[in-house]
Amino acid sequence: MNIPSPLAPLPTTTQHEQHGRYPRAESVEDFRHNLAAVAARMQAACQRVGRDPAGVRLLPVSKTMDEAHIRLAHAAGCRLLGENKVQEAYRKWEAMADLADLRWSVIGHLQTNKAKLVARFAAEFQALDSLRVAEALDRRLQMEGRPLDVFVQVNTSGEASKYGLPPEDVAAFLRGLPNYSCLRVRGLMTLAIFSGDAERVRHCFVSLRELRDRLRDGVPDGVGLGELSMGMSGDYEIAIEEGATVVRVGQAIFGARSLPDSHFWPTPGGPA
Ligand SMILES: *Cc1c(COP(=O)(O)O)cnc(C)c1O
């Protein structure tokens, strides 16, 4: 057996060539099949690096998918779904309030004027990257009388189009968070560079983990950095090899989206 040494990079490739081509899941059976296939790949990735699969959570991402498909995913066992746009998520939460055990994780950039919505319905917020948003969210959560699990988003790729704090700003940012008593900081989140070059992708995940390891001892009381949310359909196996505790997977479960990615991640010169 070929045991990879910690110094030699693992040969795992991205699955970006599949991007936009995943078949749409149209039945509970399709969802069960896709969920099992992703779970098997997650488990194999854990095995390659000696991790316990129980330490990695799959967050299915349902953005752009309609209510009928989300109900199929729920029937197949999904209980927490990731959405990148707050208003879309809020509408879905309202429409599917009859599914009492279905919870929502907001994984996209938030504007302060929408903090009220997140405070009302979200089970988790993964894209915290400014103190203004922290303050707005905390104020609304105080009014709702409840805490919220949050992840701090870090820009590990250096691309101007990506949200998130530059890595060098994260330590100071974390020091400001204990002022907001309703925010329960669980860890860090990132989006890797979108590239077929697996080593450049891996580099983003390694930098998030190393940043976390450097910051871990110095964080203020009440701030937890145990979680690393990183990896999507095209790169979650690499992310798991590098320490992900949450992978956010959309297309590999639901199928390809009809909207282009520029709709979610504004690119310079592209639609805002
Ligand atoms: C859409 C999205 C994902 C999932 O992307 P897929 O390619 O569909 O797996 C993960 N994270 C964030 C922040 C997203 O917006």
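Author: Ala, Val, Leu, Ile, Met, Phe, Trp, Tyr, Cys and Pro count as nonpolar, Asp, Glu, Lys and Arg as charged, and the others, Gly among them, as polar. By these classes, the shell around the ligand has five nonpolar, four polar and three charged residues. The model is predicted: local features need pLDDT of at least 70 and side-chain atom pairs 80 or more, while totals for chains, interfaces and linings use all residues. Residues are numbered from 1 along each chain as its sequence is written, and side-chain values use heavy atoms, without hydrogens and water.

Reader: Which residues come nearest to the ligand?

Author: Lys-63, Ser-233, Gly-250, Gln-251 and Arg-257 do, out of 12 around the ligand; a residue counts if one of its heavy atoms lies within 4 Å.

Reader: What makes the pair of Ser-233 and the ligand a polar contact?

Author: A polar side-chain atom of Ser-233 is 2.5 Å from a ligand oxygen, so the pair meets the limit for N or O atoms, within 3.5 Å. Arg-248 has a polar side-chain atom 2.8 Å from a ligand nitrogen, and a polar backbone atom of Gln-251 lies 2.8 Å from a ligand oxygen.

Reader: How much of the ligand does the protein bury?

Author: The protein buries 99% of the 390 Å² that the ligand exposes when taken alone (Shrake-Rupley method, 1.4 Å probe).

Reader: Which space does the ligand take?

Author: The ligand takes the largest pocket; sitting there requires more than half of its atoms within 2 Å of the grid points. A pocket is an open set on a 1 Å grid over the protein atoms alone, with protein on both sides within 12 Å along at least five of seven lines. The lining divides into 15 nonpolar, 15 polar and eight charged residues, each with an atom within 4 Å of a point.

How values were computed
Polar contact = N/O pair within 3.5 Å; in protein donor to acceptor, adjacent residues only side chain to side chain. 1 Å grid on protein atoms, 1.4 Å probe; cavity = no way out; pocket = protein on both sides within 12 Å on 5 of 7 lines; lining within 4 Å.
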